[in-house]
Structure formats: structure tokens, C-alpha cells
Amino acid sequence: MIKPFAFLSILPSMKLDAQDERIKEHLAKSDFKTAFEIILSEFKQPLYWHIRNMLLSHDDTDDILQETFIKIWKNLPRFEQRSKVYSWAYRIATNESLGFIDKRKRKHAESLDDNQHLENTMFAEEYFDGDEAHKTLLAAVQTLPQKQQMIFNMKYFQEMKYDEISEITETSVGALKASYHHAVRKIEDFVKIKSD
Amino acid sequence: MNTDNNNEKDFLNWEGAPKISGMKVPKGYFDRLETSVLQSISAEETLTETKVIPIPKKSNSKIISIFTAIAAALIGAVLIFNNPATNDITNELAEELLLDEWTNLANIDDYFIAENFTEAELASISFENKDEITAQAAFEYMLDEGYPEYLLYETY
């Protein structure tokens, strides 16, 4: 097993920005294959963690990541380059993940409370080696509304800047800051209650 | 943690809060991912390509039988009722036979199809052989089905 988030030391946004230019150069020449190869090579880890933070399960993440890349490949010729490539890729990954979460909620609605199911999944997951603090943090994040979860994950775990999150989520920076602030408060309250 | 606004409260007020989620990936996952994605895309593209599947002999004959029956009924109807030489008795007989034929055709419902065709055969059904249903084939089919020869010769 490799250490999670190892990519953060070499990533984040500056590297993606640099790749954006390279990708757009190939897109301008209609060289979609090369453009896609760069996207696949450079975005696989950030997109994986973006999805994994939302879905928690590695297997589900793997499925949705594959779907995301297939959608990126199919839509690459129609990408209008009004936004950054990685923002566009993140939006696809986000939509795929949210769609999956909806399906999963419907599937488990009759048998088990969804949050309980997710908790069971992430802690029983063989790809999780966190300690009690990790478990508490993840459990706290799961209590947040979906959008707050996503914003918290992008800001806290993926260390993205507000303007980057803003472009991906199409939400104003002000609203993101407020949302993140509420998320942090709720997590702190959750931890406090749990430790009392 | 990276913050792009130092005035903003970005840190969790929680001593010992983990900076990572504790989740991990299988060793070599990212190395295998690219191959896996490219294979998925290749498989997807192969699936979406239009494929012409040759019709198996068995289902081919069944399909031809059905379309021949339809053709026979139509040809019979046109020839018999438009032939002034046929007398009333012949017309009556022809009408009866055609009625039988249409009844048989009307019975080709879901059950008939389910009973007589496998899924693979249905999946491979193509109408590219419709040219093979000729008047001659219809004539022979009607003969095989026991239509009186004199009637067919008289009206054909």
C-alpha cells in the first residue's frame, strides 16, 4: 500500500495549470489522443482523491473514475476551452460522483440509514488504515450536507484554493468561504460531542 | 495546510486533527489505471461501432418463412380478387384460405416469437435478405402449405 495523498507534495494547482496549457495546445491542433493522454496521466491522482473523498470506497471510486475518464474522452472534441481543463474534468468527476451517491442512497434507503451504511463501508474498507482520529474526522465529514462535504474535502484534504473550487463548483468565493466555515464549525462540534 | 486567505479561519480548532483522511490505495493502482482506462475506452468504442451480424441459417429460414407467408397472402389477395376469370366458388375458397393465412400471421405474437426464436437469433435478425422473398418463393410456399394447385395456377 502506498501512503495516501503523497501526490500533494508535488501537485496541486500550479502543476495542473501548467498542464492545462499543454493540453490546450494539443486540443487546438485537434490532437485529442495526446491531450487525453496528458489528462489521464496528470489528473488521475487528483481526480481519484476528489472522488474517493466523496465516495469513500476504493472500488466505487475506481468505477466512477473510469466513467469520468470515458466521459472526458468522449466530450474532449466538444470542450470549448472557456474554462481550465482540470476544472472541467473536476466538474465531470463531481457530477459522476453525485449521481452515484444518489443511486446509492436510493439503493440503501429501504434497508439502512445512508450515513450508517457509509460509515460501515469506510471503516470496514480494507483500503483504510487510519486511526481513531481519522475515523472521527471522516465520520464528522459524513454528517455534513453533500455540497459542504465536497467543499471541505477540496479545501482541507486537497488543499485547493477558493478560486479554483469556485471555478469547479460554479459557486462564488464568498459562498464557499461561508460554506467551509460552517463545515469546520460542524466538524468541531461533532468532535467535541464525541470526546465529551 | 495551504490557505489562500490568512484572515479566514481555515484550520480545524481540534488538536491532533489529521491532515489526511487515512484512506489509501492498493499498491500499483495508479500505474495500472491508465492501461485500464484505455482498455475501457477501446471496449466502449468497439461496442458502439455498427456491426453487421450474419444471420444464422436456422433463424434465416424462420424469418423467410414468416415474410414469405406475408408475401403469399398479399400476392394471393391481389391475384385472386383481381382475376375476373375466377368464379364465385373459387373466390370463396380463396377467401377462406387467405383468411386462414391472415389468422396464422395474426398469431405471430410475443409467445410465438419466444417459443420459436432464441435470444441470439432475435439479436441477429436483419432484414438484409428481404430481396429473397420473390413471387416464386411465395408461390412455392403456398404449394408447400397445401393450397390447391389448380387454384394457384389459375390465379398466378
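This passage walks through a bent helix in chain A, the loops on either side of it, the core it feeds, and the confidence in chain B.

The model is a predicted one, and it scores ipTM 0.78 and pTM 0.61.

Helix H2 of chain A (32-55) is a good place to start. With 24 residues, H2(A) would reach 34 Å if it were straight, at 1.5 Å a residue, yet its end C-alpha atoms sit only 29 Å apart. There is a kink to go with that shortfall: H2(A) bends by about 55 degrees at Phe43(A), shortly before the proline Pro46(A).

The loops on either side of H2(A) each hold a residue with an unusual sign of phi for the record. Ser30(A), in the loop between helix H1 (12-28) and H2 of chain A, has a phi near 55 degrees, a positive value even though the residue is not a glycine. Just after H2(A) comes Leu56(A), with a positive phi of about 75 degrees; this residue, again not a glycine, belongs to the loop between H2 and helix H3 (58-75) of chain A. As for surroundings, Ser30(A) counts as exposed because just 10 other C-beta atoms lie within 10 Å, and 12 or fewer is the cut-off. Leu56(A), on the other hand, has 22 such neighbours and so passes the mark of 20 for a buried residue.

Turning to the inside of the model, the largest nonpolar core takes in 45 residues. Ile39(A), Leu47(A), Ile51(A), Ile72(A), Ala89(A) and Ile151(A) have the most contacts within it. At least two core residues come from each of H2, H3, helix H4 (85-109), helix H6 (132-142), helix H7 (146-157), helix H8 (162-169) and helix H9 (173-195) of chain A, and likewise from helix H1 (29-48) of chain B. H2(A) gives the largest share, ten residues. Such a grouping fits a general pattern: in soluble globular proteins, nonpolar side chains tend to be buried together. Setting aside neighbours within four places in sequence, Ile39(A) makes contact with Ile23(A), Ile72(A), Val85(A) and Ala89(A).

Chain B calls for some caution. Its mean pLDDT is 65, with 29% of the residues at 70 or above. Among the elements of this chain, H1(B) has the highest mean pLDDT, 86, while helix H7 of chain B (residues 149-155) has the lowest, 58. Over residues 5-9 of chain B the pLDDT falls below 50, and beyond near neighbours in sequence that stretch has four contacts in the model.

Definitions and conventions. Residues numbered from 1 in each chain as written. Chains lettered and ligands numbered in written order. Predicted model: local features only at pLDDT ≥ 70, side-chain atom pairs only at ≥ 80, totals over all residues. Helix = DSSP H or I, 4+ residues; strand = E, 2+ residues; numbered from the N terminus. Expected span 1.5 Å × (residues − 1). Bend = angle between axes of the 7 residues up to and from the residue. Core = buried A, V, L, I, M, F, W, Y, C linked by C-beta atoms within 7 Å. Contact = placed C-beta atoms within 7 Å. pLDDT = per-residue confidence, 0-100.
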